[in-house]
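Biologist: Could you take me through one part of this protein at close range, please? I would like to hear about the largest nonpolar core and how the chain is built around it.

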Amino acid sequence: PPNLLKNPSLETGADGNQVPDCWQRGGFGTNTATVAVVSDAFDGARAQNVTITSFSAGARRLVSAQDSGACAPAITPGRRYTMTAYYKSSVQPKFSVYYRNSSGTWVWFAESPSLPAVGAYTQATYTTPAMPAGATAISIGLSIFQTGSLTSDAYTLVAAP
């Protein structure tokens with residue numbers, strides 16, 4: 001099946017703001033982090049690195065854009081979706097999943113179990129529970145929840161069989 005994500009290899013960044021087109025930085029809590037384009041890519045010439053340098057609580061992430069439709073893939077309620085990404089990290093990341101509801105608000109939905117910390121690019125896979133009634137679009141990405149570093153690249157998102 002086709003990849004539902006736009007700019008899945010994080011290569012295009014037309015405005016030069018260090019965030020790939022159709023992606024956004026996210027996070028919450030009390031922590032200090034940097035997010036930057038790096039040339040140490042799995043696929044192509046660019047990847048994204050998220051580093052938390054000071055942590056008390058929360059998380060930091062790069063997720064596919066939570067917009068009104070130019071970037072965010074449309075989804076079907078009741079359907080499950082499978083995502084993959086190549087990553088390497090000094091800490092255990094998790095996939096974070098959000099959906100846009102019928103009133104246009106983005107809502108946190110699910111997260112994967114913790115993935116292992118790995119020194120070389122490794123493919124991670126997660127399949128969501130069935131999307132709830134009223135879900136119209138999806139946003140996904142890898143998150144870290146403690147001091148450390150995560151580099152990610154080459155994302156996919158497909159409707160699960």
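Modeller: Gladly! Helices (H or I, at least four residues) and strands (E, at least two) are DSSP runs, numbered from the N terminus. On that basis the protein chain reads β-β-β-β-β-β-β-β-β-β along its sequence, with zero helices and ten strands. This is a predicted model, where local features need pLDDT of at least 70 and side-chain atom pairs count only at pLDDT 80 or more, while totals for chains, interfaces and linings use all residues. Residues are numbered from 1 along each chain as its sequence is written, and side-chain values use heavy atoms, leaving out hydrogens and water.

Now to the core. A nonpolar core is a set of buried Ala, Val, Leu, Ile, Met, Phe, Trp, Tyr and Cys residues joined through side-chain atoms within 4.5 Å; buried means under 20% relative accessible area, exposed over 50%, partly exposed in between (1.4 Å probe, protein chains only). The largest such core has 35 residues, and those with the most contacts inside it are Phe95, Val97, Met131, Ile138, Ile140, Leu142 and Tyr155. Two or more residues each come from β3 (47–55), β5 (81–89), β6 (94–100), β7 (106–111), β8 (118–127), β9 (137–144) and β10 (148–159). Apart from this core lies another, of five residues, including Val63, Tyr98, Trp106 and Ala137.

Val97 deserves a look of its own. Leaving aside residues up to four places away in sequence, Val97 touches Met83, Val107, Trp108, Phe109, Ala110, Tyr126, Thr128, Ile138, Ser139 and Ile140 (contact means heavy atoms within 4.5 Å). Across the protein chain, buried residues make up 47% of the 161 residues.
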